[in-house]
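Work through the following exercises with the model open beside you. Each one sets a task and then gives a solution in steps.

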Amino acid sequence: MNRHELTEQIVLARLARGLSWQQLADAVGRPLVWTTSALLGQQPVPAELGAVLVEMLGLDASAVPVLAAPPMRGGLPSAVPTDPTIYRFYEALQVYGGALKELIHEQFGDGIMSAINFSVDLHKKPHPSGDRVVVTFDGKFLPYQWVSAEDG
């Protein structure tokens with residue numbers, strides 16, 4: 001079984017068993033967004049956690065090493081996402097990406113926000129005009145370091 005096939009099994013098993021992503025995250029003591037991302041194929045799941053998830057989902061134990069393997073991260077079916085929810089993130093970064101880049105450089109210097117030393121959180125915030133989606137990206141600042149061939 002490959003990772004894509006396992007992801008399909010996970011999604012179907014979760015729905016068939018009436019499990020929420022939060023229940024799965026709670027069972028392994030990991031953050032909700034990380035657990036969801038991992039079960040959708042974007043993070044390796046340590047074997048001991050994978051065994052818990054596989055049992056909860058009623059999957060074969062052979063899924064544990066597939067979950068534990070480093071995944072092929074990223075990649076959407078198209079360069080511009082067509083799913084409306086994912087597209088809105090793309091749209092937000094098209095509109096605000098330049099400003100965020102400028103502000104990172106102004107406040108931190110020449111560098112980037114890590115997506116490796118990183119966490120993301122999502123929560124619902126009640127609002128009189130309709131509930132708000134609050135997404136927090138928390139990435140380590142990584143300065144560009146120019147190293148000469150003699151130094152490195």
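**Exercise 1.** Decide whether Pro31 is buried, partly exposed or exposed, and place Pro31 in the chain.

Solution. This is a predicted model. Step one: the relative accessible area of Pro31 is 48%. Step two: buried means under 20% and exposed means over 50%, with partly exposed in between. Pro31 is therefore partly exposed, given its value of 48%. Step three: Pro31 sits in the loop that links α2 and α3. Step four: Asp151 is 120 residues away from Pro31 along the chain, and their C-alpha atoms are separated by 39 Å.

**Exercise 2.** Describe α3: which of its residues are buried, and what covers them?

Solution. Step one: helix α3 runs over residues 32-39. Step two: of its 8 residues, 6 are buried, which leaves the helix mostly covered. Step three: the buried ones are Trp34, Thr35, Thr36, Ser37, Ala38 and Leu39. Step four: the cover over these buried residues includes α1, α2 (21-28), α4 (47-57) and α5 (63-68). Step five: after α3 comes Gly41, which has a positive phi near 95 degrees.

**Exercise 3.** Why does Thr35 count as buried, and which residues does Thr35 contact beyond its neighbours within four places in sequence?

Solution. Step one: Thr35 belongs to helix α3. Step two: Thr35 counts as buried because its relative accessibility is 1%, and the cut-off for buried is under 20%. Step three: with neighbours within four places set aside, Thr35 is in contact with Leu24, Ala25, Val28 and Arg30.

**Exercise 4.** Two residues of α1 are Val11 and Arg14. Classify Val11 and Arg14 by their accessible area, then relate each to a residue elsewhere in the chain.

Solution. Step one: α1 spans residues 3-16 and contains Val11; Arg14 is found in α1 too. Step two: the relative accessible area of Val11 is 27%, so Val11 is partly exposed. Step three: Arg14 has a relative accessible area of 14%, so Arg14 is buried. Step four: not counting residues up to four places away, Arg14 touches Leu19, Ser20, Trp21, Leu24 and Leu57. Step five: Arg14 and Met56 are 42 residues apart along the chain, with 8.7 Å between their C-alpha atoms. Step six: for Val11 and Asp121, a sequence separation of 110 residues goes with 21 Å from C-alpha to C-alpha.

**Exercise 5.** State how many helices and strands the protein has, and give their order.

Solution. Step one: the count is 6 helices and 2 strands. Step two: along the sequence the pattern reads α-α-α-α-α-α-β-β. Step three: a UniProt annotation from an unreviewed entry, "domain: Cyanate lyase C-terminal", covers residues 75-146. Step four: that span is 35% helix and 38% strand, and its end C-alpha atoms are 29 Å apart.

**Exercise 6.** Set the radius of gyration of the protein beside the value for a compact globule of 152 residues, then describe the whole chain in numbers.

Solution. Step one: the protein has a radius of gyration of 19 Å, whereas a compact globule of 152 residues would have one near 15 Å. Step two: the C-alpha trace spans about 55 × 50 × 30 Å along its principal axes. Step three: buried residues account for 22% of the 152 residues. Step four: the exposed area is about 10,700 Å², and carbon and sulfur atoms supply 59% of that area. Step five: among contacts with a separation of 6 or more, 51% join residues 24 or more positions apart. Step six: there are 11 positive and 16 negative charges, and the mean positions of the two sets lie 7 Å apart.

Notes. Residues numbered from 1 in each chain as written. Predicted model: local features only at pLDDT ≥ 70, side-chain atom pairs only at ≥ 80, totals over all residues. Heavy atoms only, no water. Helix = DSSP H or I, 4+ residues; strand = E, 2+ residues; numbered from the N terminus. Rg over C-alpha atoms; globule rule 2.2 N^0.38 Å. Buried < 20%, exposed > 50% of the residue type's maximum accessible area, 1.4 Å probe, protein only. Contact = heavy atoms within 4.5 Å. Areas by Shrake-Rupley, 256 points an atom, 1.4 Å probe, with all protein chains shown as cover. Lys, Arg positive; Asp, Glu negative; His and termini not counted. Charge placed at Lys NZ, Arg CZ, Asp CG, Glu CD. UniProt positions renumbered as here; feature names shortened; annotations may be inferred.
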